[in-house]
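User: I would like a close look at one buried charged side chain and its surroundings in this model. Please go through what it reaches, what it touches, and how that part sits in the rest of the chain.

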Amino acid sequence: DQGPRYVLVDGQFLILQVLATWDFEVLGQKLQDSECRELDSYMKRCKLGTFRLGVALQLSHESSSEELAKLRRHAAEKLDSLRVIKAKRARGLNLAPTPAPPEPESGKAAGSIVT
């Protein structure tokens, strides 16, 4: 028996992902109300923005489709920018594959100096 398995996730990324996709399933399980409240509390405590799952759910129940659409659009934009930042950081740490170097021009040996 290996005991319980824990997976660490970035709370801000998770909230933005859920809001952008409106998919409340995470790692094969649906987020529970208590988990949504904890994530909202985390966002507030860590001052990571105004995105709250509870607000989005309330808007969906109140038929505030325009406000909800605006919130989800804003979350998708923030998620895209967060992905760019994380990718840049990963490249800086050599965690992500770097692009392949350009192919040498025909007739020139790789690594040769052109004067």
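Analyst: In this predicted model, the side chain of R52 reaches the backbone oxygen of G49 at 2.7 Å. R52 itself lies in the loop between α2 and α3, and its contacts, leaving aside neighbours within four places in sequence, are with L19, D40, M43 and K44. Although R52 is buried, it has no salt bridge, and the nearest side chain of opposite charge, that of D40, is 5.3 Å away. Since a salt bridge is counted here only when a side-chain nitrogen of Lys or Arg is within 4 Å of a carboxyl oxygen of Asp or Glu, the separation of 5.3 Å leaves R52 and D40 unpaired in that sense.

The other member of this pair deserves the same attention. D40 lies in helix α2, which covers residues 33-45, and D40 too is buried without a salt bridge, with R52 as its nearest side chain of opposite charge. What the side chain of D40 does reach is backbone: the nitrogen of L53 at 2.7 Å, and the nitrogen of G54 at 2.8 Å. When residues up to four places away in sequence are not counted, D40 touches I15, R52, L53 and G54. Taken together, the side chain of R52 reaches a backbone oxygen, that of G49, while the side chain of D40 reaches the backbone nitrogens of L53 and G54.

The loop that holds R52 also holds T50, which is exposed, with a relative accessible area of 67%. The C-alpha atoms of T50 and A75 are separated by 9.9 Å, although these residues are 25 positions apart along the chain. F51, leaving aside its neighbours within four places in sequence, is in contact with I15, L16, L19, M43, L71, H74, A75 and K78.

Several of the residues named so far recur in the largest nonpolar core, which has 20 residues and in which I15, V18, L19, L31, F51 and L53 touch the most other members. The elements that give two or more residues to this core are α1 (11-21), α2, α3 (53-61) and α4 (65-92). In soluble globular proteins, nonpolar side chains tend to be buried together. The buried charged residues described above meet members of this set directly, in that I15 and L53 are among the contacts of D40, and L19 is one of the contacts of R52.

Helix α3 follows the loop, and in that helix L53, A56 and L59 are buried. Seen down the axis of α3, these buried residues fall within an arc of 125°, so they line one face of the helix. Their packing partners are α1, α2 and α4. Just after α3, S63 takes a positive phi of about 60°.

For contrast with the unpaired charges, the salt bridges in the model come to two. One of them joins the side chains of D10 and K86, with N and O 2.8 Å apart, and it links distant parts of the chain, since D10 is in the segment before α1 and K86 is in helix α4, 76 residues apart. Neither end is buried: D10 counts as partly exposed at 30% relative accessibility, and K86 is partly exposed with a relative accessible area of 33%. The other is between R83 and D80, whose closest N and O atoms are 3.9 Å apart; being three residues apart in helix α4, R83 and D80 are separated by about one helical turn. R83 is partly exposed at 39%, and D80 is likewise partly exposed, at 44% relative accessibility. The salt-bridged residues are thus partly exposed, whereas R52 and D40 are buried without a salt bridge.

As for the wider setting, the chain has four helices and two strands, arranged along the sequence in the pattern α-β-β-α-α-α. Buried residues, R52 and D40 among them, make up 22% of the 115 residues in the chain. Of the contacts with a separation of 6 or more, 59% are between residues 24 or more positions apart.

Terms used: Residues numbered from 1 in each chain as written. Predicted model: local features only at pLDDT ≥ 70, side-chain atom pairs only at ≥ 80, totals over all residues. Heavy atoms only, no water. Buried < 20%, exposed > 50% of the residue type's maximum accessible area, 1.4 Å probe, protein only. Lys, Arg positive; Asp, Glu negative; His and termini not counted. Polar contact = N/O pair within 3.5 Å; in protein donor to acceptor, adjacent residues only side chain to side chain. Contact = heavy atoms within 4.5 Å. Core = buried A, V, L, I, M, F, W, Y, C linked by side-chain atoms within 4.5 Å. Arc of directions from axis to C-beta.
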